[in-house]
Structure formats: C-alpha cells, structure tokens
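Colleague: I'm new to this one and would like a close look at a single part. Could you take me through how the two helices there sit against each other, and then follow the thread outward from them?

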Amino acid sequence: MGVDLRQVVAGILTIAMFVMLAQMLHRDYLDSLQEKAQGDANDIEFEGSRVSVKESLVGALEGNKGPWMDDNNDLNPCWPTLLSDEAVSSKGYVTFSLTNGPEYHISQITDAVMVAKHLGATLVLPDIRGSKPGDERSFEDIYDADKLIKSLENVIKVVKQLPEEVSLRDIAIVKVPTRVTEDYIKEHVEPIFKSKGNIRVATYFPSVNLRKSSQDGETDPVACLAMFGSLELQPELNAVVESMIERLRTHSKKSDGRFIAVDLRIEALEKKNCHSTGVAGSKTCYNAQEIAVFLRKLGFSGDTTIYLTQPRWDSSLNILKDIFPKTFTKEAIMPASKRSKYLESESSEYENVIDFYISSRSDVFVPAISGLFYANTVGKRIALGKPQVLVPAEISESSSLATDFISPYISKKNHLAYSCFC
C-alpha cells in the first residue's frame, strides 16, 4: 500500500499548528498573570524603592516550601505561685462592658479585674457591645463564663449578674487608662468607690503600645492572670474555630499542615493613611499586592495556605490569590451549618473573635495593619509559644531571611507578655 504524500504533509502541518497554538496559549496565560500582578503599574512602590513584580512574584523558586519556624514551648507562666490568697470581696460591685473586638476585650477584662482586686470588690460579668447601636450580646455568647469565674476564684469574686437590689442609678462611671496600676486605683478610683459603693469601669486607650516599660517594675501577677489565663471561647464557638483551623491544615499537606494568617481588612486599609513609620522600608499598613511580594521574597511557595481576616472576598485580593491560590476568607472554610449564625448575623463580634483566635493559632502571623489587634495577637502567640510573627517591609535582597522580619515585640522580647512568661 503506497503512502499519500499529501496526507503526510497535511499531518505535519496539523501538528505544527497545534504546537504553535499551545505556545500561544502558554504565552497568553503568563502575560495575563503578569498583567494581574502588575495592576496599573509595572512596579510596586515601597517608600522610595521599587521591587520588580516579575522578580518577586513570577521568578520566585517554586521548589522552596517556605521558611517555617518551630514553636517555642520553653516559656511558662510566672504568676501561679504568687496567687495563693483567698479572694476577699466587699459589698460593692464593679461592672463594665467589652467593646470594639477581642483585641480590646483582653485589656478591658484585665483592667476591670485589677480594679476589683485592689478595691476588694465583686466583679460582675460584662455584656459585649458591638460598634452599632443596640448590638449587644451576653458574655456567655462568646466566652466561657465558668472558666473565667474558676480562674479568678483565688483573686476576686465574680458573679454573672448584678443583684436586683442594686440600682443602676447608684453606679458611678469611672474612666481608667489601660494597664491601670494599683497607685492609680488608690488615688483616682477608690475615693469614688467608697463614696458610691458601686462603680462602672470604662477603659480608655491612650496608647496601643504593649511594650514592657522599665518604669513599670514587675508586672502585677493579677494582671498576668487576667490577661492570659481567664478568657476562653465558649464551647460551640471554640469548636467552630477548631474546625476552621483543621480545614486550613488539610489544605496545607505539602507544608506539613502549616498555614499563614494575615490580618488584612480592606475597610481598615481604606481608613488608614499607610505612611512610613520612620523605619527604612516600613509602613503602617500594606495591601494585598505588597503582602504577596513580601511573602514570595521570603521564599514561601505558591502552594502555601493563607487565611485572611477580610470579612468577605474583595476583588482587590485577586492578585494575592493569583500568586497563592490557597488563600481563604471565613466563608470558604467555615462549616456550612454554622454560617447563618456566625457570618450572616448583623453583629461582627463573632467574626472578629474568630479572626483573633485563628491569627493567634496560625503557624505564621503577618499583620498587614498596625494597631492593637497586632499587639494583642502577638501577646497571645507568645503565651502559646508561637513566635513567628513577620512584620511586612521592603525586601531589597533576594536572599533575605524570614528571621530578619520577626516582630520587634518578639526579637527584642519587649512585649508585655514577657513579664508574665519566663
């Protein structure tokens, strides 16, 4: 049987066309990926320096699994042996509310416990108030009341409700600065308490700085206990957080179950002026594109799993997902049966608490936004032995190490938590 030369030529031409088509599709895909990475400009601006998107995103080594660190379990609480006295309570009561999210709750509970302890008063469990008028929840909707009462039983008496015979008109409102001291309580709070018998404490925040101060001396063990040993999530909410963490770890098989949590909220970025901190290559907040550059320059692979505190997906996050496809917000990893309660309610308190506890438990935490959420998350992580908190900054050297960007709170051991753990 003879061979038809025309059929051979046609076959060769067909194969050549398929090869050319494949090359075109491959090139178009890479071009579109790079266009997404570049956005409106060819380079990304970092306080006067320019980092090539091609070098930092497309050219990163795919074989590198990332500069992960091990947990540090060498620290232990310093306060238990100092808390042996029986709690003594007067007839007076200290009331307060938790507001503005879990990063504030920690400071508010600590200050209220300090006031009640040094006044010899009984502490009333707080309600929880959101940012919107009428957005109120009971303490037990989010936190474990029995755990808090048990943890403080040798320090102060805690009751779940204010007795009916106590009139709200008899309660004086007293403002105290966060990290309130015994001297401040004696001078400014005790006279009012003796006069009125019952007070309502409102904590204000002259600073979000949680660094240790040489002027403070030894941190009060009561403050340590209240800050790190009293607040735990109530069982149902804790189970939701655990299930979300487990799902993130399931997505992270190639990195041995490890994942990164990034505190990146679009609304907060829009409100902040992301200006320089005065430190070379450092700003007060970073967008999704800058975070992608930062993580890739450190060597985290494209297969790395990332959890974002952003409430719902936003198109500005697409570039992060282009480079790290396993990037998730809450609605993607929360059990479907729990979404109506924890994601679709008008209150954002549930979501804020979930973000805080996942950020505290992740293998790496990256604060794209400076502030109290960052500071208190670091404190919680120190208590849990999870020191890998990477603060974004410009990376000028391709060989930079992740350890060069560890939070100063940890690298200098100047966080307040180091006064409570040793």
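Modeller: Helices α14 and α15 are oblique to each other, because angles of 35 to 65 degrees fall outside both the roughly parallel and the roughly perpendicular ranges. This is a predicted model, by the way. The axes of α14 and α15 (residues 372–384) cross at roughly 45 degrees and come within 8 Å. As for handedness, α14 passes α15 in a right-handed crossing. Those are the usual terms for such a pair: two packed helices are described by the angle between their axes and the distance between the axes.

Now stay with α14 and look at Arg361. Which residue does Arg361 form a salt bridge with? The partner is Glu242, and the closest N and O atoms are 2.9 Å apart. Arg361 belongs to α14 (residues 349–361) while Glu242 sits in helix α8, so this contact ties together parts that are 119 residues apart in sequence. Are these two buried or exposed? Neither, quite: Arg361 has 26% relative accessibility and counts as partly exposed, and Glu242 is partly exposed too, at 33%.

Helix α8 has another link of this kind. The side chains of Glu236 and Lys341 meet in a salt bridge, with 3.1 Å from N to O. Here Glu236 is in α8 (residues 235–250) and Lys341 is in helix α13 (residues 339–342), so to speak distant parts of the chain, 105 residues apart. Glu236 is partly exposed, with a relative accessible area of 30%, and Lys341 is partly exposed at 35%.

For contrast, try a pair within one helix. Lys186 forms a salt bridge with Glu182, their closest N and O atoms being 3.4 Å apart. Both lie in helix α6 (residues 182–196), four residues apart, or about one turn of the helix. An α-helix has 3.6 residues a turn, so residues three or four places apart point the same way. Lys186 is partly exposed at 46% relative accessibility, and Glu182 is partly exposed at 32%. The count for the model comes to 18 salt bridges.

Back to the neighbourhood of α14 in the sequence, have a look at strand β14 (residues 364–367). Both of its faces are covered: Val364 and Val366 are buried on one side, and Phe365 and Pro367 are buried on the other. Strand β14 runs parallel to strand β11 (residues 259–263), and four bridges join the two. In that pairing, Pro367 of β14 is the bridge partner of Asp263.

There is also an open sheet of three strands, in the order β4-β6-β7 with mixed pairing. Its edge strands are β4 (97–99) and β7 (136–138), each of which pairs on one side only. On average, neighbouring strands in this sheet are turned by 25 degrees against each other, direction ignored. Strands β4 and β6 (residues 127–129) pair in the parallel sense over three bridges, with Thr99 opposite Arg129 in β6. Arg129 turns up again in a network of salt bridges that links Asp127, Arg129 and Glu136.

One last stop is helix α3 (residues 102–119). It is mostly covered, as 15 of its 18 residues are buried. At 1.5 Å a residue it should span 26 Å, and its end C-alpha atoms are 26 Å apart, which agrees. Just after α3, Gly120 takes a positive phi of about 70 degrees.

Definitions and conventions. Residues numbered from 1 in each chain as written. Predicted model: local features only at pLDDT ≥ 70, side-chain atom pairs only at ≥ 80, totals over all residues. Heavy atoms only, no water. Buried < 20%, exposed > 50% of the residue type's maximum accessible area, 1.4 Å probe, protein only. Pairing = 2+ DSSP bridges. Salt bridge = Lys/Arg side-chain N within 4 Å of Asp/Glu carboxyl O. Expected span 1.5 Å × (residues − 1). Axes fitted to C-alpha atoms, helices over the stretch in contact; angles between N-to-C directions. Parallel < 35°, antiparallel > 145°, perpendicular 65-115°, else oblique. Left-handed = near helix turned anticlockwise from the far one by under 90°.
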